[in-house]
Structure formats: C-alpha cells, structure tokens
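This briefing walks through one structure, topic by topic. Keep the model open while reading.

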Amino acid sequence: MSLDTEYEITTDSARFDLTLIDEFLADSYWARDIPRSVVEHSIQHSLAFGAFHQGYQVGFARVITDFATFAYIGDLFVVPKHRRRGVAKLLMRAILSHPNLEGLRRLLLATRDAHGLYAQFGFKPLAHPADFMTLHYPNVYQRDAHDSE
Ligand SMILES: CC(C)(COP(=O)(O)OP(=O)(O)OC[C@H]1O[C@@H](n2cnc3c(N)ncnc32)[C@H](O)[C@@H]1OP(=O)(O)O)[C@@H](O)C(=O)NCCC(=O)NCCS
C-alpha cells in the first residue's frame with residue numbers, strides 16, 4: 001500500500017482527536033502544559049491539518065495565516081509509532097499545496113531539531129535574523145510565570 005493510500009490528510013477539524021492533540025502538545029517542548037481550552041481555541045482560528053491512519057489520528061499541524069500574505073506553521077507532530085514513514089512530509093505537502101495558501105509572501109516556522117525535514121520543502125534559516133524581533137513567553141501556561149525570553 002502506498003503512503004498516500006495508507007495515510008489520509010484532512011482539514012476537517014470535526015474529525016480531530018482533541019485528546020491526542022492536547023496530550024501531545026501539553027507534553028511538547030514548545031507548548032508545555034498548554035490547557036485544552038487554548039488548544040481548541042487555537043484550532044478554531046487556524047487552518048489545521050490532521051493525518052489519519054485507519055481512522056485514527058497519528059499526526060497534526062496548524063497554519064496560522066491571513067490567507068493572503070503570511071503564514072506560520074506550528075504544532076506539527078507525528079505520534080512516535082508512525083514516525084519515519086513520511087507522515088510529516090505528507091502534512092507539509094498538504095499545507096504547501098493547499099489552495100487557500102497560494103501566493104503568500106512569507107511562510108515562517110520554528111524548530112529545534114527538524115531543520116532537515118523543512119529544508120526538503122525549501123525552508124532556509126533566516127537570512128537576517130537580526131531583522132526579526134519577538135515577545136516570547138515560554139512559561140505562559142505555568143501559573144504565576146510571566147517572564148519573557
Ligand atoms: C519531526 C517529526 C514531525 C517528523 O515526523 P516523521 O513523520 O517521522 O517525518 P517523515 O518520516 O515525514 O520525514 C522526516 C524527514 O525529515 C528528516 N528529518 C530531519 N530532521 C528530523 C527530525 N528532527 N526528526 C525527524 N525527521 C527529521 C528525516 O531524516 C526524513 O528525511 P528523509 O525524507 O530523507 O527520510 C516527528 O519526529 C515528531 O513529531 N517529532 C516530535 C515533535 C517535533 O519535534 N515536531 C517538530 C516541531 S517544529
């Protein structure tokens with residue numbers, strides 16, 4: 001069975017396994033302890049993609065965008081059992097070929113160690129990182145923590 005028939009990518013968020021998504025993200029290095037209500041709100045206001053295998057969700061990604069000029073790709077993951085089988089690449093292919101994301105001026109993402117995945121789709125490190133600034137609150141989901149990084 002080919003990868004495309006074994007795995008299905010959908011943007012139908014009604015089908016998403018919110019428990020799986022919430023549990024993965026709350027345990028991730030980038031969104032530790034994110035509350036389920038915030039996960040649900042973020043999905044409602046993004047273009048989100050789910051990867052499914054035999055009816056079960058095995059991967060996820062979210063595109064935050066104005067659908068005109070800019071998009072940020074975030075929260076991309078594949079559950080451990082289905083890694084190294086091309087599912088992340090299927091998600092990236094679905095995102096980059098989505099008709100509502102054509103003609104954007106910039107797509108951005110952040111990753112700690114998966115640069116080789118995104119490089120396959122043409123992503124490059126920032127040419128001028130000093131041109132970018134951020135307000136970052138990595139501890140926002142831990143109570144009483146408001147320090148920025
Ligand atoms: C990173 C992750 C999404 C990759 O998913 P995957 O389905 O195993 O990836 P794929 O099988 O589609 O392909 C990955 C390709 O990128 C490459 N790659 C580069 N860096 C990688 C990394 N850190 N992890 C996995 N693959 C990586 C692989 O070598 C592979 O290349 P190939 O096409 O030459 O075989 C998955 O390991 C994951 O969920 N990790 C934990 C969450 C995470 O770190 N997400 C990224 C946040 S930006």
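The side chain of Ser46 reaches the backbone oxygen of Ser42 at 2.4 Å. This is a predicted model. The points below start at Ser46, move through the helices and end at the ligand.

**Ser46 and its surroundings**

- Ser46 sits in the loop between helix 3 and strand 2.
- The side chain of Ser46 also makes a polar contact of 2.7 Å with the side chain of Arg62.
- Neighbours within four places in sequence aside, Ser46 is in contact with Arg62, Val63 and Ile64.
- Is Ser46 buried or exposed? Its relative accessible area is 17%, so Ser46 is buried, the cut-off being under 20%.

**Helix 3**

- Helix 3 spans 36-44. Its buried residues are Val39, Ser42 and Ile43.
- These buried residues cover an arc of only 100° around the axis, so they fall on the same side of helix 3.
- Ser37 and Gln44 are exposed on the other side of helix 3.
- The cover over the buried residues of helix 3 includes helix 2, strand 2 (47-53) and strand 3.
- Ser42 thus has two roles in this account: it is a buried residue of helix 3, and its backbone oxygen is reached by the side chain of Ser46.

**Helix 2**

- Ile21, Asp22 and Leu25 are buried in helix 2.
- They cover an arc of only 95° around the axis, so they lie on the same side of helix 2.
- What covers the buried residues of helix 2 includes helix 3, strand 3 (56-65) and strand 4.
- Helix 3 is among the cover for helix 2, and helix 2 is among the cover for helix 3.

**Thr11 and Gln54: two loop positions**

- Thr11 is in the loop between strand 1 (7-10) and helix 2 (18-26).
- Thr11 is partly exposed, at a relative accessible area of 35%.
- Which residues does Thr11 contact, leaving aside its neighbours within four places in sequence? They are Phe16, Leu47, Ala48, Phe49 and His98.
- Thr11 and Lys81 are 70 residues apart along the chain, and their C-alpha atoms are separated by 22 Å.
- Gln54 is in the loop between strand 2 and strand 3.
- Gln54 is exposed, with a relative accessible area of 68%.
- Gln54 and Tyr7 are 47 residues apart in sequence, but 7.6 Å apart in space, C-alpha to C-alpha.

**Glu6 side-chain contacts**

- Glu6 belongs to helix 1, which covers residues 3-6.
- The side chains of Glu6 and His53 are joined by a polar contact of 3.3 Å.
- The side chains of Glu6 and Arg85 are joined by a polar contact of 2.9 Å.

**Positive phi at non-glycine residues**

- Asp75 is not a glycine, although its phi is positive, at about 55°.
- Asp75 lies in strand 4. Its relative accessibility is 13%, so Asp75 counts as buried.
- Arg84 is not a glycine either, and its phi is positive, at about 60°.
- Arg84 is placed in the loop between strand 4 and helix 4.
- Arg84 has a relative accessible area of 86%, so Arg84 is exposed.
- The two residues therefore differ in setting: Asp75 is buried, while Arg84 is exposed.

**The ligand site**

- How many residues surround the ligand? There are 21, and the closest are Val78, Arg84, Gly86, Lys89 and Asp113.
- Arg84, with its positive phi of about 60°, is thus one of the closest residues to the ligand.
- The shell residues divide into 12 nonpolar, 4 polar and 5 charged.
- A polar backbone atom of Leu76 is 2.9 Å from a nitrogen atom of the ligand.
- A polar side-chain atom of Arg83 lies 3.5 Å from an oxygen atom of the ligand.
- A polar side-chain atom of Lys89 lies 2.3 Å from an oxygen atom of the ligand.
- On its own, the ligand has 880 Å² of accessible area, of which the protein covers 76%.
- Which elements give two or more residues to the shell around the ligand? They are strand 4 (70-78), helix 4 (87-96) and helix 5 (115-119).
- Strand 4 appears in two places: it gives residues to the ligand shell, and it is among the cover over the buried residues of helix 2.

How values were computed:
Residues are numbered from 1 along each chain as its sequence is written. This is a predicted model: local features need pLDDT of at least 70, side-chain atom pairs count only at pLDDT 80 or more; totals for chains, interfaces and linings use all residues. Side-chain values use heavy atoms; hydrogens and water are left out. A residue is near a molecule or strand if one of its heavy atoms lies within 4 Å of it. A polar contact is a pair of N or O atoms within 3.5 Å; within protein, one must be able to donate a hydrogen and the other to accept it, and residues adjacent in sequence count only if both atoms are side-chain atoms. Accessible areas come from the Shrake-Rupley method with a 1.4 Å probe; for residues, only the protein chains shown count as cover. Helices (H or I, at least four residues) and strands (E, at least two) are DSSP runs, numbered from the N terminus. Ala, Val, Leu, Ile, Met, Phe, Trp, Tyr, Cys and Pro count as nonpolar, Asp, Glu, Lys and Arg as charged, and the others, Gly among them, as polar. Buried means under 20% relative accessible area, exposed over 50%, partly exposed in between (1.4 Å probe, protein chains only). Contact means heavy atoms within 4.5 Å. The arc is that of the directions from the helix axis to the C-beta atoms.
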